[in-house]
Amino acid sequence: MRVTGVQKVLIIQAGSLSRVALSLPLIYAVAYANPEVRFTLLVKPSISAILVDLPTNIEAMTLLNYGGKHKVRSMSRLIRLLRQQDLDAIVDVENSAYSRLLSFFTALWYSTQRVTKRTIKYKREKLKQSV
């Protein structure tokens, strides 16, 4: 699968270990097929151990999760870090409340495409109607 028009992509995988493990072959295949695109894979700290033999164009980043009353502070720090990367696209695989907030506030500062399950469902329905 070729990716056109983007240079830096954030993939948010804030879900369970099984979901991340099942999606890794697809993410690796897309990364190998697009060596000119830089991918940042955002995962939980507990899941980062399964990220082995990453392609050279994938950078692993862990969520800063302090929990409790510091949750807002950790999210704002992460948003600041992500804004510095000048992302072209954000792929929210998990579509949880946390990942939706993170992708929304990260995408606010510049024109970034957000790809969520809702976006994919809408495009699929639109494609069916046109055929």
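What share of the contacts in the protein with a separation of 6 or more comes from residues 24 or more positions apart? The figure is 59%, and it is a handy thing to keep in mind as we walk through this model, which is predicted.

Let's start with the overall layout. The protein has 131 residues, and buried residues make up 37% of them. You will find four helices and five strands, and if you trace the elements from the N terminus on, they run β-α-β-β-α-β-α-β-α. On the outside, the protein exposes about 8,300 Å². Carbon and sulfur atoms supply 58% of that exposed area.

Now let's step inside. The largest nonpolar core holds 17 residues, and the members that touch the most others are V9, I11, L24, F39, L41 and I58. Two or more residues of this core are given by each of β1 (8-13), α1 (17-33) and β2 (38-43). Helix α1 provides the largest share, with six residues. Take I58 as a place to look around: leaving out residues up to four places away in sequence, I58 touches I27, Y28, A31, R38, F39 and L41. Apart from this core lies another one, made of 14 residues, including I12, L63, L87 and I90.

Next come two helices that pack together. Two packed helices are described by the angle between their axes and the distance between the axes. For helix α2 (residues 71-83) and helix α3 (residues 97-107), the angle is about 45 degrees and the axes are 9 Å apart. An angle that is neither under 35 degrees, nor over 145, nor from 65 to 115 counts as oblique, and therefore α2 and α3 are oblique to each other. The crossing of α2 past α3 is right-handed. If you would like to see who meets whom, display M75, L78, I79, L82 and R83 in α2 together with Y98, L101, L102, F105 and T106 in α3.

One of those α2 residues deserves a second look. L82, in helix α2, has 0% relative accessibility, so L82 counts as buried, the cut-off for buried being under 20%. Its C-alpha atom is separated by 9.5 Å from that of T40, although L82 and T40 are 42 residues apart along the chain. L82 also leads us to M61: the C-alpha atoms of M61 and L82 are separated by 10.0 Å, with their positions 21 residues apart along the chain.

M61 sits in strand β3 (residues 58-62). With a relative accessibility of 13%, M61 counts as buried too. Setting aside its neighbours within four places in sequence, M61 is in contact with T40, L41, L42, V43, L78, L82 and Q85. Among these partners, L78 and L82 are also in the group of α2 residues that meet α3.

Q85, the last partner in that set, belongs to the loop between α2 and β4 (89-92). Is this loop residue buried or exposed? At 16% relative accessibility, Q85 counts as buried. Beyond residues up to four places away in sequence, Q85 touches K8, T40, E59 and M61. Q85 and L10 are 75 residues apart in sequence, yet their C-alpha atoms are 9.4 Å apart in space.

Finally, let's visit a residue with an unusual backbone angle. Most residues other than glycine have a negative phi. D53 is not a glycine, but its phi is positive, at about 50 degrees. You can find D53 in the loop between β2 and β3. Its relative accessible area is 69%, and because the cut-off for exposed is over 50%, D53 is exposed.

Terms used. Residues numbered from 1 in each chain as written. Predicted model: local features only at pLDDT ≥ 70, side-chain atom pairs only at ≥ 80, totals over all residues. Heavy atoms only, no water. Core = buried A, V, L, I, M, F, W, Y, C linked by side-chain atoms within 4.5 Å. Buried < 20%, exposed > 50% of the residue type's maximum accessible area, 1.4 Å probe, protein only. Contact = heavy atoms within 4.5 Å. Areas by Shrake-Rupley, 256 points an atom, 1.4 Å probe, with all protein chains shown as cover. Axes fitted to C-alpha atoms, helices over the stretch in contact; angles between N-to-C directions. Left-handed = near helix turned anticlockwise from the far one by under 90°.
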